[in-house]
Amino acid sequence: MSIPQGLVNIGGTLSNALGSTFQSRSVDAEHIQPVGWYRHTQGVEKLLSSFQAVPKGKRVRLAKKTSNLFRGRGGEAAGLDVSELNGVIEVDPVARTADVQGMCTYEDLVDATLPHKLSPFVIPQLKTITLGGAVTGMGVESTSFRNGLPHESVIEMDILTGTGEVVTCSRTENVDLFRSFPNSYGSLGYAVRLKIELEPVKDFIELKHVRFHDLQSYQEGLAKAVEEKQFEGQPLHGIDGVSFSPDESYLILAVASDEEGPVSDYTRDQIYYRSLHHPDGVKHDRLTIRDYIWRWDTDWFWCSRAFGAQEPTVRQLWPREMRRSSVYWKLIGIDRKYDVEHNLLNKPKGLPHRERVVQDIEVTVDKLAEWLEWFFESCDIEPLWLCPIRLRDGSEELIGTGDVTKDATVPWPLYPLDTHSTWINVGFWSAVPGDLVTPEATPGAFNRVIEKRVSELGGHKSLYSEAFYTRDEFEKLYGGKLPEELKKVYDPDQRFPGLYEKTVGGV
């Protein structure tokens, strides 16, 4: 994800360069008013009208302005009108639930729930990820060690299927769709409305950054924190971590607090991931709950360095409201469209294309040190983000329910996590020399090596980015023949691409 600094004209020129593709939104909280049920009904009617206007046999997709996918999309498809399905319908602070439209971003959802001192159970780290996108795709965060994945706190969903109908599903109604929608990536349909649980939160987060000097101790420390769910006698709100090298890794342990006091602000000159560095022991920090939720978004974890946004002089001129993942993502789009890095830097020097390596993989915690050691030996990408996942209590009760999914051995059959293991999501987002694996700079060569190694360790990866599996390999990892069986029921005319077509074939 390396982009020449010359691409970015900072200050007002940056805003002009992005033009109408960027909608200004403060990094600070905004008052989000629920849209209500009447407007939601109008939005659904507009969506259905746009679907019905598409000739039979032609494929459809969502006409979205934002995306957090890092894989190409080919093929012709008509865009469905979701322009009025991007809000919070209703927040019930007594029942601790929210009805949310599928295209609502987590940024808006959080700003609607925090005034009630409530939040979604799991909030992916990037503001423009939508609730519907996280549930049909992938979303983890520091609360995943106790709250699982976003779809596990969904009570009920309305899904537009390939038949042109809106189907309501839950743990007791249309259970096969409810269980198989997660990780289906739009191959079965799109979420129109989701009713989710909310949990109480406190106003502040006390952070404890714990330094480890070797990977085995790091693995053991992470496993212990997940198992005990506390640190030095204090219950943990969140757990994640960062590994910079085999001898420098950190656990980030979060404790909720309502105690007033000074807090850090990483939306300005300071950069959050750099604050982790310290020689030994535990380093303390403090954030508001909202700044904790979005601490990774301001600098897109650490990827803003590719644009020069972490250089002190550049940072002073870079508009604060444009220090956000959505802006960096659009700059990546410019680079991909015009191949800026290769044409301006690599090609004049006779260097091959750099291979993009943007992936999140999962291995069980007992394999973490082995994975990290292999990865650091295999490339120079650093740092890596780590997030533990434990499926929520009660998820195992879903096993064996539903017509199509009754033989599945995991609660969410297209997202193969068992209920008894601690899984570690490892995220790494950068690039390697195109000839790292083969002199011919074979496209996707290092990504294929990663897939093979993860499979050898009994893991798998998220499908938001490029994948290179054969169909047989894919079926062993992601539900076997079940996706095809489900499409016969919910998308018999193939209005949406199949799961393999979409996530590997790029359709």
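Two strands pair if DSSP finds at least two bridges between them. Keep that rule in mind, as one hairpin of this chain serves as the way in. A hairpin joins β12 to β13 through two residues. The model is a predicted one.

Stay with these two strands. Strand β12 covers residues 238–245, and seven bridges join it to β13. The two run antiparallel. One bridge can be picked out by name: G241 has L251 in β13 as its partner.

Strand β13 has another partner, β9, which spans residues 204–212. Nine bridges join β9 to β13, and this pair is antiparallel too. Look for E206, whose bridge partner in β13 is V255.

How well is β13 covered? The strand runs from residue 248 to 257, and nine of its ten residues are buried, so the rest of the structure largely encloses it. Buried here means under 20% relative accessible area.

Now widen the view. These strands belong to an open sheet of eight strands with antiparallel pairing. The order across the sheet is β14-β9-β13-β12-β16-β17-β15-β18. Two strands form its edges: β14 (282–288) and β18 (460–461). Each of them pairs on one side only.

Follow the sheet to the β18 edge. There, β18 pairs with β15, which holds residues 354–364. The pairing is antiparallel and takes two bridges. In one of the bridges, I361 is matched with K461 of β18.

Another strand of the sheet, β16, leads to a feature of the backbone. The loop between α12 (368–378) and β16 (384–389) contains P383. The peptide bond from E382 to P383 is cis, and its omega is near -5°.

Two other loop residues catch the eye through their phi angles. K117 is not a glycine, yet its phi is positive, at about 55°. Its loop lies between α3 (106–113) and β5 (118–120). Is K117 buried, exposed or partly exposed? With a relative accessible area of 32%, K117 is partly exposed.

E232 is the other one. This residue is not a glycine either, and its phi is positive at about 50°. Look for E232 in the loop between β10 (230–231) and β11 (234–235). E232 has 60% relative accessibility and therefore counts as exposed, since the cut-off for exposed is over 50%.

Go back to α3, the helix before K117. How many of the eight residues of α3 are buried? Eight of the eight are, so α3 is largely enclosed by the rest of the structure. The list reads Y106, E107, D108, L109, V110, D111, A112 and T113. Charged names such as E107 and D108 stand in it beside L109 and V110.

What covers the buried residues of α3? The cover includes strands β3 (88–92), β4 (97–101), β5 and β8 (189–200). It also includes helices α4 (131–136) and α8 (289–293).

Just ahead of α3 comes the loop that links it to β4, and G102 is found there. At 1% relative accessibility, G102 counts as buried. Which residues does G102 touch, leaving out those up to four places away in sequence? Among them are L85, T130, L131, G132 and G133. A191, V192, R193 and L194 are touched as well. Compare G102 with L477: the two are 375 residues apart in sequence and 27 Å apart in space, C-alpha to C-alpha.

Finally, take in the whole chain. Its secondary structure comes to 16 helices and 18 strands. The radius of gyration is 22 Å, close to the 23 Å that the globule rule gives for 507 residues, so the chain is as compact as a globular protein of that length. Along the principal axes, the C-alpha atoms fill a box of roughly 60 × 55 × 50 Å.

Of the 507 residues, 58% count as buried. Contacts reach far along the sequence: among those with a separation of 6 or more, residues 24 or more positions apart account for 75%. The surface that the chain exposes is about 20600 Å², and carbon and sulfur atoms supply 49% of it. As for charge, there are 57 positive and 74 negative side chains. The centres of the two sets lie 5 Å apart.

Key: Residues numbered from 1 in each chain as written. Predicted model: local features only at pLDDT ≥ 70, side-chain atom pairs only at ≥ 80, totals over all residues. Heavy atoms only, no water. Helix = DSSP H or I, 4+ residues; strand = E, 2+ residues; numbered from the N terminus. Rg over C-alpha atoms; globule rule 2.2 N^0.38 Å. Buried < 20%, exposed > 50% of the residue type's maximum accessible area, 1.4 Å probe, protein only. Contact = heavy atoms within 4.5 Å. Areas by Shrake-Rupley, 256 points an atom, 1.4 Å probe, with all protein chains shown as cover. Charge placed at Lys NZ, Arg CZ, Asp CG, Glu CD.
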